[in-house]
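Biologist: I'm new to this one, so let's go through the labels and ask what stands behind each of them. Can you put it up on the screen?

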Amino acid sequence: MAAIHVVPADRELLDRCGTDLYWFGTQILGYEDAEERPHAAMCGFFEADWPRKLMVGSRGYYKTSFGTVGRSLQLGLADAEERILIVGNTIDNGRNMVGQ
């Protein structure tokens, strides 16, 4: 596999994407309606290094957007060999999450 040349500006952008889920979601993934309060704290929860997490919130709270889609992409940026299984309560929900 050929090495990828990353210029310093790109390295800074990749580092920011990999360390700030809220910024990654709002600036790169386009989650425009997210607000710093409370979504930044929610992103910190998703980024915490705990083996199991449960996030409960109403519909439209960006739980899936940040917690499933954004965090999975963030982990993939850190390690392209990372394997992530996304499962929904129905096959259609799982496909919708992957299709975002």
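Biologist: What makes arginine 11 partly exposed?

Modeller: Its relative accessible area is 41%. Buried would need a value under 20% and exposed a value over 50%, so arginine 11 lands in between and is called partly exposed. Bear in mind that this is a predicted model.

Biologist: Why is the pairing of arginine 11 with aspartate 15 called a salt bridge?

Modeller: The N to O distance between the two side chains is 3.3 Å. The cut-off is 4 Å, so the pair qualifies as a salt bridge. Aspartate 15 is also partly exposed, because its relative accessibility is 38%.

Biologist: Where do arginine 11 and aspartate 15 sit?

Modeller: Both are in helix H1, residues 8-19. They are four residues apart, which is about one turn of the helix.

Biologist: How many salt bridges are there by this rule?

Modeller: The count is two. Besides the one in H1 that joins arginine 11 and aspartate 15, there is a salt bridge between arginine 16 and aspartate 20, at 3.5 Å from N to O. That value is within 4 Å, so the label holds.

Biologist: Are arginine 16 and aspartate 20 buried or exposed, or what else would you call them?

Modeller: Partly exposed, for arginine 16 at 38% relative accessibility and for aspartate 20 at 24%.

Biologist: Now arginine 71 in helix H4, residues 63-78. How do you know that arginine 71 has no salt bridge?

Modeller: The nearest side chain of opposite charge is glutamate 47, and that is 4.5 Å away. A salt bridge has to be within 4 Å, so this pair misses the cut-off. Arginine 71 is buried all the same.

Biologist: Which polar partners does arginine 71 have, then?

Modeller: Its side chain makes a polar contact of 2.5 Å with the side chain of glutamine 74. In addition, a polar atom of the arginine 71 side chain lies 3.5 Å from the backbone oxygen of phenylalanine 46. Leaving aside residues up to four places away in sequence, arginine 71 touches Leu21, Phe46, Glu47 and Phe66.

Biologist: Two of those names ring a bell. What can you tell me about Leu21 and Phe66 in the largest nonpolar core?

Modeller: That core has 13 residues, and Leu21 and Phe66 are among those that touch the most other members, along with Tyr31, Ala34 and Tyr62. Helix H2 (21-28), helix H3 (36-47) and H4 each supply at least two residues. H2 gives the most, with four. As for alanine 34, its contacts beyond four places in sequence are Tyr22, Thr26, His39, Tyr62 and Phe66.

Biologist: How many disulfides does the structure hold?

Modeller: Zero. The sulfur of cysteine 17 has that of cysteine 43 as its nearest cysteine sulfur, 13 Å away. A disulfide needs the two sulfurs within 2.5 Å, so cysteine 17 is in none. The other way round, cysteine 43 is in no disulfide either.

Biologist: Why are cysteine 17 and cysteine 43 called buried?

Modeller: Cysteine 17 has a relative accessible area of 5% and cysteine 43 has 1% relative accessibility. The limit is under 20%, so both count as buried.

Biologist: And what makes leucine 85 exposed?

Modeller: Its relative accessible area is 75%, and that is over 50%, so exposed is the right word. Leucine 85 lies in the loop between H4 and helix H5 (91-99).

Methods
Residues numbered from 1 in each chain as written. Predicted model: local features only at pLDDT ≥ 70, side-chain atom pairs only at ≥ 80, totals over all residues. Heavy atoms only, no water. Buried < 20%, exposed > 50% of the residue type's maximum accessible area, 1.4 Å probe, protein only. Lys, Arg positive; Asp, Glu negative; His and termini not counted. Polar contact = N/O pair within 3.5 Å; in protein donor to acceptor, adjacent residues only side chain to side chain. Contact = heavy atoms within 4.5 Å. Core = buried A, V, L, I, M, F, W, Y, C linked by side-chain atoms within 4.5 Å.
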